[in-house]
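Visitor: I should like to be guided through this model, with the reasoning behind each answer. Please begin once the sequence and structure are shown.

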Amino acid sequence: MLKLGIPSFFLFILILQIKGDDFKEEIFIKPLPPSHLYVNFHFITLVNGEESFEHSHLAPRSLGEIMSRYQVEELHLTLTEGQWKHKQWGYPVLDAAPGAELYAWFSPEVIDVDAHWKKLSSTLSGLFCASLNFIENFNTITPKMSLWPTGAQKLKQNYTSQLRYASLPREIVCTENLTPWKKLLPCESSHGFSSLLNSRMIHNTNYHSIGVHVRRTCVDNNCLDTNLEIKQTVALVYDFKIINSMDWSFRKLFGQGLPGACPLSSSSKIYIDTTSNSTYRFKLSPEPNNIVLSQRGGSETELAVYNITNSVMMNIVAKYETKDKIFVNIPPPLTFTQYVLGYGKEFGGIVTELTNNYWAPIDVVLLENAPWWLPIQLSSLRINGEAESKLIMSQYYSPGKSRQKPYHLELLLRLPPKSTTTLTIDFEFVFLKWQEYPPDANHGFYIGSALISANLPTAKNYTSLPIHGNTFDSVINASKPWYPMIFRTNGAMVSLPTPDFSMPYNVICLACTVVALAFGPLNNICTKELVLKAAGTPLSLRQKIFNIFKKKKD
């Protein structure tokens, strides 16, 4: 960060206003009774649409150059550790798959999308110190119905052909990913809300996810001009057992208090969901600046709002009055789970259960993405033992090729009200080459999460922002006919036929032992000479030297 004096600072702010750049930071906190706490960070940077990133102001130049160089219209990247429990915790602000997930829309002018996709993933791999360079054609698909662009797009173009999606469920999230992520912020980690992101405290949670989402947004209703929106997110789920108390505070969660707002932000707000006060009452200290009651989609949400404007150290504390009260968990409208069937090393199956808890039918799009080494058989698809025509409204299937492309299945389903729909599809195991096994092959092979796209008819347990909104102010009284959401199921693991990699080690050890034991006697026999000497008369040193020179002379 540059150290600016007071006149220089105001001049810098004036330049930013002329350029049209804007930066906002927000924190959303929601208790998840009875034993968890959800914390979501939002950092939004709006860049003028005419910005060429030759001179960056608030937006990270590295990310802007990636978008312009590879002609990316919209980008979504998440790195997640842990699994979000939808049935117990409700819905997050942004759902993410375990591991690494990347999908992007490219400009219609891009002809060779696969080449740009490979360059994009490799560049992001170096930028975020992640293993995105392992994204190849054999683990990339082009969804047809499951994903849709959230930014400003040209309606005349078919953007499904310009879309690429890939996930790496084995990717581990660590401090190496968080550090370059924080460097993209205008204040980095020295000021503002980002100073709370202590890696030691973040990685001590049940669930943590960092993400970067870039899209084009309309300046006005006519959408003649657009801005580039760069949104960086962090989602955390704390367990009260880890912090050893149901009472929480910033010092317990992040190891320090809030040092104030970022000097470059136009808005710094903290939203705390106090709706659960009706069952688990807690008191906030200090008092919030405002209490907002939001009615959205048949649900009422009470939000305590803090406006952070100064640079004074602040610690928000929540103390519960009742800690042993029984909590009744009401599941959200749509819940789901995924698991693997089968035994042995020949056949198996993937099972996806979709539960509609609502009184009306819900239409969903299910995307199954199976790797090439797990071929799925479309003829074996079974849905609750009923005829597929009763539930499947549309389907798309792309068979995979060995070591070239994965298996891709999409189904448009209509889930009956108050019912559970079970989809089962069989697969076969494939023998891999010995170079294709990971170092810990006996640990198992991960299967990526299935994607479930749905337009929910109600906003119960729904915390997502509207498509055209970028801050939490947009969720207040934002009732709509439908509430779109893209869910990710839990991951799964299979055990492929694995050779005994200890056999080469045993053979090498045995062969080396035999060679070592046989080399000594053979070397002595071939290189040494037996000489007789009189018994009881040891040779003197002079006699030994004389015998040696005599042997060399002969």
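Visitor: Which residues have the most contacts inside the largest nonpolar core?

Guide: This is a predicted model, in which local features need pLDDT of at least 70, side-chain atom pairs count only at pLDDT 80 or more, and totals for chains, interfaces and linings use all residues. Residues are numbered from 1 along each chain as its sequence is written, and side-chain values use heavy atoms, with hydrogens and water left out. A nonpolar core is a set of buried Ala, Val, Leu, Ile, Met, Phe, Trp, Tyr and Cys residues joined through side-chain atoms within 4.5 Å, where buried means under 20% relative accessible area, exposed over 50% and partly exposed in between (1.4 Å probe, protein chains only). The largest such core has 75 residues, and those with the most contacts inside it are Phe41 and Trp248.

Visitor: Which helix gives the largest share of this core?

Guide: Helices (H or I, at least four residues) and strands (E, at least two) are DSSP runs, numbered from the N terminus. The largest share of the core amounts to 6 residues, and these come from residues 113-128, which form helix 4.

Visitor: Which residues of helix 4 are buried?

Guide: The expected span of a helix is 1.5 Å times one less than its number of residues. For the 16 residues of helix 4 this gives 22 Å, in agreement with end C-alpha atoms that are 22 Å apart. Those buried in helix 4 are Val113, His116, Trp117, Leu120, Ser121, Leu124, Ser125, Leu127 and Phe128.

Visitor: What residues does Trp248 contact, leaving aside its neighbours within four places in sequence?

Guide: Contact means heavy atoms within 4.5 Å. By that criterion, and with the sequence neighbours left aside, the partners of Trp248 are Ile29, Leu37, Phe240, Ile243, Leu253, Ile272, Leu284, Ile316, Val317, Ala318 and Tyr320.

Visitor: In strand 20, which residue is the bridge partner of Ile392?

Guide: Two strands pair if DSSP finds at least two bridges between them. Strand 20 (residues 407-415) is joined to strand 17 (residues 362-370) by 9 antiparallel bridges, and 6 bridges pair it, again in the antiparallel sense, with strand 19 (residues 392-398). Of the 9 residues of strand 20, 7 are buried, so this strand is largely enclosed by the rest of the structure. On the strand 17 side Asp363 stands opposite Arg414, while the partner of Ile392 is Leu413.

Visitor: Which strands stand at the edges of the open sheet with the order 15-16-21-18?

Guide: The sheet consists of 4 strands in antiparallel pairing. Each edge strand has a single partner strand, so one side of each is left without a neighbour in the sheet; the two concerned are strand 15 (334-341) and strand 18 (382-383).

Visitor: Which residue in strand 21 stands opposite Arg382?

Guide: Strand 18 and strand 21 (residues 419-428) run antiparallel and are joined by 2 bridges. Opposite Arg382, in strand 21, is Thr424.

Visitor: How far apart in sequence are the parts that Cys187 and Cys262 tie together?

Guide: A disulfide is a pair of cysteine sulfur atoms within 2.5 Å. A search of the whole structure finds 1 disulfide, formed by Cys187 and Cys262 with their sulfur atoms 1.8 Å apart. Both cysteines are buried, and their link is right-handed, with 65 degrees about the S-S bond. Cys187 lies in the loop between helix 5 (175-182) and helix 6 (199-202) and Cys262 in the loop between helix 7 (250-254) and strand 10 (267-273), so the parts tied together are apart in sequence by 75 residues.

Visitor: Which cysteine sulfur is nearest to that of Cys174?

Guide: Cys174 is partly exposed, at 28% relative accessibility. Cys174 is in no disulfide; the nearest cysteine sulfur is 8.3 Å away and belongs to Cys129.

Visitor: What is the omega of the peptide bond from Ser285 to Pro286?

Guide: Most residues other than glycine have a negative phi, and most peptide bonds are trans. A cis bond joins Pro33 and Pro34, with omega of about 5 degrees, and Pro34 is placed in the loop between strand 1 (22-32) and strand 2 (36-47). Pro286 lies in the loop between strand 11 (282-285) and strand 12 (290-296). The bond from Ser285 to Pro286 is cis too, and its omega is near 0 degrees.

Visitor: What is the phi of Asn477?

Guide: Asn477 is in the loop between strand 23 and strand 24. With a relative accessible area of 48%, Asn477 is partly exposed. The phi of Asn477 is positive although the residue is not glycine, and its value is near 55 degrees.
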